[in-house]
2 protein chains.
Amino acid sequence: MSENLGWPVRRAARLFGDATAVVDVASGAKVTYRELERRIGALGAALDVPEGGRVGVLAANSLAHLECVLGVPAAGRVLVSLNTRLAEDELCALAEDAGLSVLIADESNAAIAEAVARRAAVPRLVLEHEALVGGPDALTASLGPDTLAAISYTGGTTGRPKGVMLSHGNLLANARHNLITTGHRPEDRWLHVCPLFHVAGTANVLAATWAGARHVVLPRFDATQVCRAIEDHAITHVVLVPTMLAMLLQHEADHPADLSSLRHIQYAASPITPELQRRVLDRFPDCDVAQFYGMTEAAPTVTTCTPADHRRPGGARLASVGAPVVGVEAELRDPESGRPVPVGAVGEIWVRGPNVMVGYWQQPEATAEAMVDGWYRSGDAAYADADGYLYLVDRLRDMIITGGENVYSVEVEAVLAEHPAVLEVAVFGIPDERWGEAVHAVVVVEEAGAASADELVAHCRGSIAGFKAPRSIDLTTEPLPKSGAGKLLKHRLREPFWA
Amino acid sequence: MSENLGWPVRRAARLFGDATAVVDVASGAKVTYRELERRIGALGAALDVPEGGRVGVLAANSLAHLECVLGVPAAGRVLVSLNTRLAEDELCALAEDAGLSVLIADESNAAIAEAVARRAAVPRLVLEHEALVGGPDALTASLGPDTLAAISYTGGTTGRPKGVMLSHGNLLANARHNLITTGHRPEDRWLHVCPLFHVAGTANVLAATWAGARHVVLPRFDATQVCRAIEDHAITHVVLVPTMLAMLLQHEADHPADLSSLRHIQYAASPITPELQRRVLDRFPDCDVAQFYGMTEAAPTVTTCTPADHRRPGGARLASVGAPVVGVEAELRDPESGRPVPVGAVGEIWVRGPNVMVGYWQQPEATAEAMVDGWYRSGDAAYADADGYLYLVDRLRDMIITGGENVYSVEVEAVLAEHPAVLEVAVFGIPDERWGEAVHAVVVVEEAGAASADELVAHCRGSIAGFKAPRSIDLTTEPLPKSGAGKLLKHRLREPFWA
């Protein structure tokens, strides 16, 4: 069967064998597609893990990490790429949950990987990736679209981590959806700076490989390094989370760089402020700017707000996460009845398509809860306009019910973010005797005293109903806690109030 | 399940409901995507055929025909769109082979359809398409990717017609491959002038619908009408067979038209001469020009020679049918051993992918012969260059073996086509006592006496080996026989010699 992750590399090696496939900026390493095919074939043979065995990876972005992303599934083994920001205890829990046969780690994660391998009884620890890829290409796994390719732990934003099982068919389907939506071409040069341990970070790896494009890999986000990489490698395409975009613009304002090679900027993973959108569109007037919305369970792409939507006169769609991409169905359903809601009404986003996950690893109950008749219930709330564009209002469980009124925290956050002193904001409900829940905000300001709580509440009351304005505000100069993928971990802020 | 032909229309109706979906130039009819969804839903309900039943269509291109292409499969019935150029006896044979439950025909085909329905005992004949689409949308079929969507009779170029069974999954896979390769967008306006009864004619119907683009339909090719339609409807995309391209350029040289809206010209279905390629590229310097190669059994796309390949300095790839598109594997195999042949050697094109047909309708032996381990053996011979680009040399069965030497007729045809007096040419083997087979050519010239056989043989000997030059030439001013899809029917020319 051809429907597996070995296919895109094989095509690229045949059609673009001498083209540079990957540039690892940190190490200076460079491989062609022909070499990449041989190396990941050798990796598969060297793994010495039974078919279906789980292979953990704990590493910053690198050529080695990218080779694991492509090569472990292509060898018929299951990739479990772990979030490098997790604590040792958390990593041990995941290693045990996945039942890792081997853990591959880079130098910067060697110490913690040794501890995890020992405590979680992982039979083999590999700290020298190059030793794995030096042998002959000996790939012989028999794979099909239903073969498990990866378990991707979704820190999610709440509760116990779940291992999202993604098949070869799921990941290839998502790659096709990205190819259709973005139009990857052999002459593209993609900068990978979002973490490769997250499926949002790898989404374009597969698509760009299939098209024969070039990958340029940075270990992690650093605005200086990103600007330099764009200049040095004539980067055409980049995916950033909004926080990275803001930092890039900020840095570049003080340290001008030649970013004129950029043709396509994607952002994803968390809400963006209208202010930041405007700055990006103004700074890159000749660039395609696109938003992608999705989740690990959808491998991950669900909707896109296209470059044309971004440049539409009047900007009506800038607040939208876009419309379902070709290949994916997304509908708004009443979370109780499961029936579609009318245009304009808030419903839960349900997702269907060949990209939707197999289920949660060893959690049949969580799987049954999340999947209904082939639809994945995302838990995200949104409304749609008459054109079918979706507007996120909140995670359903982040909705605040105060005095019988529903408050969508994202609406309050957007208003607070408009205040000039506000850098970051998180709004959630806290227990309140009188109102059941009360609206609470954590607000990051540049320096202490830049704004008062009273001033911010007054600012809100100028734009939204009084019951939506925060009843209490914590002011801080510390950044808000975020997941490896840059998602705000609101539950960390909220939990102390409910404990 | 979402994986069926109802899906693209449903998406377009939701996201682009008020946009014009189809313009029928001949009748002046126009429908939006919302109307199109309702009409094909009504069509399904009105068909009154059991699920899986075969629905024949005998019609020129029209809104009605396009609605059948989308609506019959979306209703869980099997589309059998018949070649309007076939004779009554041939159509009767196909109607009986398919076991049609109903035959839908337009006015221009009503008389022959009545005769076919009577002789082949088709239970129901529909001559009023509008009566089928007037009711409510009542689509309730349960469909999946493996459900049979269409039986497409491949006149092929030799032997008894075979009904190629294409599933919903096959046709959606091909649509994805076309979307990835061509990059359809909502603002595109596609002119459909190749016959919709051939899968090459419908390939972009599905892809363009999925993207929400506009279809403009002409009943058949006519250079004057094509030029007028491009002007009147600001056509951006068109697919033509080489013969049509040549006629269009010829016509337009005498009757200048404003074709400046064109952005993308695809050609397919038969070989093109270098001269015609050069003229197209010169006439449309700002247009993407792409060649597609495939076959009904692959639904149909296999390879593409991209716009970038066409504009490549030196033009080295102009003689190639291109490289396999993303999503399709094509390999050159030794037709005897089934083993891959080395770079540069001639082999048979084998094709694999989610687009490859289910099999031949009620012909298990022909299916078993054509399918090996999931690969479709195309019968086409080609060699590949070091970059993986394929160069067709011939249908294997069109190869001429003369005096122990292999002669690929396409090579001889290319040389003859270079002669200024030659309009069209077909080369094939005829029985010869001394050589086994002898190379024979049928050459179309503009007027009698424009070139002599001796002169043409001398012309060949100036470019290719003596044993490849024709031993006999028939000169004519009549066009060569072609299939509805514009494919040269060489077997009709050859058969009299072998009878």
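Which residue in β2(A) does A:Thr20 stand opposite? In this predicted model, the residue facing A:Thr20 is A:Thr32 of β2(A). Strand β1 of chain A, which spans residues 20-24, pairs with β2(A) in the antiparallel sense, and three bridges connect the two.

Both strands belong to an open sheet of nine strands in chain A, ordered β2-β1-β10-β9-β11-β12-β13-β14-β15 and mixed in its pairing. The edges of this sheet are occupied by β2 (30-32) and β15 (323-324) of chain A; each has a single partner strand, so one side of each is left without a neighbour in the sheet. Pairing of this kind proceeds through backbone hydrogen bonds, in either a parallel or an antiparallel arrangement.

In chain B, nine strands likewise form an open sheet, with the order β2-β1-β10-β9-β11-β12-β13-β14-β15 and mixed pairing. Here β2 (30-32) and β15 (323-324) of chain B are the edge strands, pairing on one side only. Within chain B, strand β11 (residues 237-240) runs parallel to strand β12 (residues 264-268), and the two are joined by four bridges. B:Leu240 has B:Tyr267 as its bridge partner in β12(B).

At the level of domains, chain A is split into domain 1, covering 6-384, and domain 2, covering 399-498. The centres of these two domains of chain A, taken over C-alpha atoms, are separated by 30 Å. Contacts between them involve 19 residues of domain 1 of chain A and twelve residues of domain 2 of chain A. On the domain 1 side of chain A, the residues touching domain 2 comprise nine nonpolar, nine polar and one charged.

Methods: Residues are numbered from 1 along each chain as its sequence is written. Chains are lettered from A and ligands numbered from 1 in the order in which they are written. This is a predicted model: local features need pLDDT of at least 70, side-chain atom pairs count only at pLDDT 80 or more; totals for chains, interfaces and linings use all residues. Two strands pair if DSSP finds at least two bridges between them. Domain bounds come from an automatic or database domain assignment. Two residues are in contact if their C-beta atoms, placed from the backbone, lie within 7 Å. Ala, Val, Leu, Ile, Met, Phe, Trp, Tyr, Cys and Pro count as nonpolar, Asp, Glu, Lys and Arg as charged, and the others, Gly among them, as polar.
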